[in-house]
Amino acid sequence: MTTTEIKTNDRTTAPATTVRPNPATPRLNFAKAAPKVFRAVIGLDAAAREGLDPTLVELVQIRASHLNRCAYCLHMHTTDARKAGESEDRLHMVAVWQEADHFFTDRERSALALTDAVTRIGDAGVPDEVYARAAAHFDEEELAHLLALIFTINTWNRIALSTAKRAGTDER
């Protein structure tokens, strides 16, 4: 992995830019190596989706995959969204949803904001205002499912990135 580091007062700080390796072949078939774990994640994913609008599910998965730079999952979920009838305009705007808010409903924007906060939880946690905004649009059960969906897509992103899954090789 190649990194560019910023030096201040002869001290090295965190990497400023990271170039991710692009291995020629996948590293591990996670489903075969840990089938019980893989099935558990599939079960969590299926349970998380229950009661949520399928369009919202795809928007959340696309947004988290953008943030995590997971090309494999991004390709999979934009393909699924298109098959479900999602417009190209909205798919292109997910990456910049804050600046293109008129493409999304208040409910979708609250879910995307929560997705941003939970996916980037190490930056500032989940701010009260972001949580309250989502809670205003989702009842407790829906909110719990939305959170579980965000947890799940972040897990899938980490599996795909760690095992070097290649975009366009959807193996479902």
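## Leu-112 and its surroundings

In this predicted model, Leu-112 has a relative accessible area of 1% and is therefore buried, the cut-off for that class being under 20%. Leu-112 belongs to helix H6, which runs over residues 106-119.

When neighbours within four places in sequence are set aside, the residues in contact with Leu-112 are Leu-59, Val-60, Arg-63, Trp-97 and Phe-104. A further spatial relation links Leu-112 to Val-94, which stands 18 residues away along the chain while the two C-alpha atoms are separated by 8.5 Å.

## Helix H2: length and faces

Helix H2 comprises the 15 residues 35-49, for which a rise of 1.5 Å a residue predicts a span of 21 Å, and because the C-alpha atoms at its ends are 21 Å apart, the expected and modelled values agree.

Which residues of H2 are buried? They are Val-41, Asp-45 and Ala-48, and since they fall within an arc of 70 degrees when the helix is seen down its axis, they line one face of H2. An α-helix has 3.6 residues a turn, so positions three or four places apart point the same way. On the face of H2 turned away from the buried side are the exposed residues Lys-36 and Arg-39.

The cover over the buried residues of H2 includes helix H3 (54-68) and helix H9 (140-162). After H2 comes Gly-51, a residue whose phi is positive, near 85 degrees.

## Packing of H2 against H9

Two packed helices are described by the angle between their axes and the distance between the axes. For H2 and H9, the axes come within 8 Å and cross at roughly 145 degrees, and the crossing is left-handed. On the H2 side the contact is made by Phe-38, Val-41, Ile-42, Leu-44, Asp-45, Ala-47, Ala-48 and Arg-49, while H9 contributes His-145, Ala-148, Leu-149, Thr-152, Thr-155 and Trp-156. Val-41, Asp-45 and Ala-48, the buried residues of H2, are thus among the residues that make this contact with H9.

## Packing of H3 against H4

Helix H3 also packs with helix H4 (residues 71-83), at an angle of about 155 degrees and with the axes 9 Å apart, which makes H3 roughly antiparallel to H4, as angles over 145 degrees are classed that way. The crossing of H3 and H4 is left-handed. In this pair the contact is made by Glu-58, Gln-61, Ile-62, Ser-65 and His-66 from H3, together with Cys-73, Leu-74, His-77, Thr-78, Asp-80 and Ala-81 from H4.

Technical notes: Residues are numbered from 1 along each chain as its sequence is written. This is a predicted model: local features need pLDDT of at least 70, side-chain atom pairs count only at pLDDT 80 or more; totals for chains, interfaces and linings use all residues. Side-chain values use heavy atoms; hydrogens and water are left out. Helices (H or I, at least four residues) and strands (E, at least two) are DSSP runs, numbered from the N terminus. The expected span of a helix is 1.5 Å times one less than its number of residues. Buried means under 20% relative accessible area, exposed over 50%, partly exposed in between (1.4 Å probe, protein chains only). The arc is that of the directions from the helix axis to the C-beta atoms. Contact means heavy atoms within 4.5 Å. Axes are lines fitted to C-alpha atoms, for helices over the stretch in contact, and angles run from 0 to 180 degrees between N-to-C directions. Angles under 35 degrees count as roughly parallel, over 145 as roughly antiparallel, 65 to 115 as roughly perpendicular and the rest as oblique. A crossing is left-handed if the near helix is turned anticlockwise from the far one by less than a right angle, and right-handed if clockwise.
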